[in-house]
Amino acid sequence: IIMGRMLTVAEYGVLSSIMAIFVIMSTPFQTIFMIVSRRVSVLKSQNNIKGISKLFFILNYRILVISFILILFVWLFPNIKKYLLIEQNSYFYLLIGMVISSTFFSINRAYIQGLQYFKWLSVIGFLSTLIKTIIAIILVYFGLGVSGALGGVFLSIIFILFLTYVILRPSLKKNNTSSPNSAYSLLKTSSLAILLANVAFALMTQIDMVLVKHYFSEQNVGIYAAASILGKAVMYLPGGITMALFPMVAENHARGKSSAKLMFQAVGLTATLSFLGAIFYYFFADYIILFLYGADYKEAASILKYFGFAILPMSLIMIAEYFLIAMGRVLFAYLFVIVAPLQVMAINYYHDTLLNIVMVLFISGTILAISGYGLLWREFKK
């Protein structure tokens, strides 16, 4: 929001589209995060300190190798930035730096979550936002524009990455010797399904920004970005719930305990928070846009008014997806693979206005939520 004030409307649209690409590119590592967090939760329930430590060092080594491969790929094929609709080299290189650094951070965050260090998760989330904002403000103030905003993100990830190493060090230095193969045999048959589910979820919640940049003027991209940033906050309101739910369900599943009560509580709280957020946007969209972004973005109010409702089904889907993956189930993966391409096709065909895209988000999310929860209810009845 602050960047929306400091950058021009067109620059803000560029920044938002690059951040959407960043989320999509980081999706494979979100899969690693979910699998690692679940494995660490299981090892914790078994009090397997050796396994926890061994897994950490193996994963970091493999991610380091993957990072070198990515850098080599970018060096050999520099024109890839054109396919991502990224105009300037500085934007592209900062994006690659963000992806690589966030990969290592994902491993550390998965460990912190799996070990259920929830207080540290809160501290990390708060500091990440604060540091990112401060650095971005300084860099943009001195005229670096979009590069400065992206630089704030990159430098904050680096800082928080080192902080997480400090947090985890006491838990890892106890023993890093060999341990049973089960400690690091993460690539199971379900991993591909989890990857597909995460990629499809990222596409369904981020690809709209990329497609808007493709089909609309720079001014309209900035307008849509303002509404999208605020509207998607409804989806992330229950973020703290998923962070706590995932390791608890994984640990309960490893011990043979039911997590149905946790699931119902999480869904109820998520639905309440997200619905209240959507209602708030519907009645106060004009005031919110004027207060947060200013008169240059006033057209975004007509989009924000409905964006909260459009994204609400995805917040409910996110809870169910985390719950199932924590138990090693991938029911939603197959539904995502069907619905996500249909959503992209619908946006390609029905993009006459920005509100049309919001409507497509709502319809596709609703179809997915009804189908997924219907199948999930059948599982609970069994």
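# Helices, core and salt bridge in a predicted model

Colleague: Which span does helix α13 have between its end C-alpha atoms, set against that of a straight helix of 33 residues?

Modeller: This is a predicted model, and its helix α13 runs over residues 260–292. A straight helix of 33 residues, at 1.5 Å a residue, would span 48 Å, whereas the end C-alpha atoms of α13 are separated by only 40 Å.

Colleague: Where does α13 bend, and by about how many degrees?

Modeller: The span of α13 falls short of the 48 Å of a straight helix, and a bend is found within this helix. The bend lies at Phe 284, and its angle is about 85 degrees.

Colleague: Which residue just after α13 takes a positive phi, and which residues of the helix itself are buried?

Modeller: Just after α13, the residue with a positive phi, of about 100 degrees, is Gly 294. Within the helix, the buried residues include Ala 260, Met 263, Ala 266 and Val 267 towards the lower numbers. Also among them are Tyr 281, Ala 285, Ile 288 and Ile 289.

Colleague: How does helix α8 compare with its expected length, and what does it reach from its first C-alpha to its last?

Modeller: Helix α8 covers residues 145–172, which is 28 residues, and 40 Å is expected for it at 1.5 Å a residue. A kink of about 25 degrees does lie at Val 166, shortly before the proline Pro 170. From its first C-alpha to its last, α8 nevertheless reaches a distance close to the expected one, namely 40 Å.

Colleague: Is Gly 151 buried or exposed, and which residues is it in contact with beyond its neighbours in sequence?

Modeller: Gly 151 is found in helix α8, and its relative accessible area is 7%, which is under the 20% cut-off, so Gly 151 is buried. Its C-alpha atom is 9.4 Å from that of Val 140, a residue 11 places away along the chain. Leaving aside neighbours within four places in sequence, the contacts of Gly 151 are Leu 94, Ile 135 and Leu 139.

Colleague: Which backbone oxygen lies 2.7 Å from a polar atom of the side chain of Thr 103?

Modeller: Thr 103 lies in helix α6, which covers residues 89–114, and is buried, with a relative accessible area of 3%. Leaving aside neighbours within four places in sequence, Thr 103 is in contact with Phe 29 and Ile 63, and Ile 63 is one of the buried residues of α4. The backbone oxygen at 2.7 Å from the polar side-chain atom of Thr 103 belongs to Val 99.

Colleague: Which residues touch the most other members of the largest nonpolar core, and which helix gives the most to this core?

Modeller: The largest nonpolar core has 121 residues, and those touching the most other members are Tyr 111, Tyr 224 and Phe 336. The helix that gives the most to this core, with 18 residues, is α14, residues 301–326.

Colleague: How many salt bridges does the structure hold, and which parts does the pair tie together?

Modeller: The structure holds one salt bridge, formed by Asp 208 with Lys 232, whose closest N and O atoms are 3.0 Å apart. Both Asp 208 and Lys 232 are buried. Because Asp 208 lies in helix α9 and Lys 232 in the loop between α10 and α11, the pair ties together parts that are 24 residues apart in sequence.

Colleague: Which residues does Phe 307 touch?

Modeller: Phe 307 lies in helix α14 and, at 0% relative accessibility, counts as buried. Its C-alpha atom is 7.2 Å from that of Ala 227, although Phe 307 and Ala 227 are 80 residues apart in sequence. Not counting residues up to four places away in sequence, Phe 307 touches Asp 208, Tyr 224, Ala 227, Ser 228, Gly 231, Lys 232, Val 358 and Leu 361.

Colleague: Which residues is Ser 315 in contact with?

Modeller: Ser 315 has its place in helix α14 and counts as buried at 0% relative accessibility. Leaving aside neighbours within four places in sequence, Ser 315 is in contact with Val 234, Met 235, Pro 238, Thr 270 and Ser 274.

Colleague: Is Ile 338 buried or exposed?

Modeller: Ile 338 is found in helix α15, residues 331–349, and its C-alpha atom is separated by 9.0 Å from that of Ala 200, 138 residues away along the chain. The relative accessibility of Ile 338 is 54%, which is over the 50% cut-off, so this residue counts as exposed.

Definitions and conventions. Residues numbered from 1 in each chain as written. Predicted model: local features only at pLDDT ≥ 70, side-chain atom pairs only at ≥ 80, totals over all residues. Heavy atoms only, no water. Helix = DSSP H or I, 4+ residues; strand = E, 2+ residues; numbered from the N terminus. Buried < 20%, exposed > 50% of the residue type's maximum accessible area, 1.4 Å probe, protein only. Polar contact = N/O pair within 3.5 Å; in protein donor to acceptor, adjacent residues only side chain to side chain. Contact = heavy atoms within 4.5 Å. Expected span 1.5 Å × (residues − 1). Bend = angle between axes of the 7 residues up to and from the residue. Core = buried A, V, L, I, M, F, W, Y, C linked by side-chain atoms within 4.5 Å. Salt bridge = Lys/Arg side-chain N within 4 Å of Asp/Glu carboxyl O.
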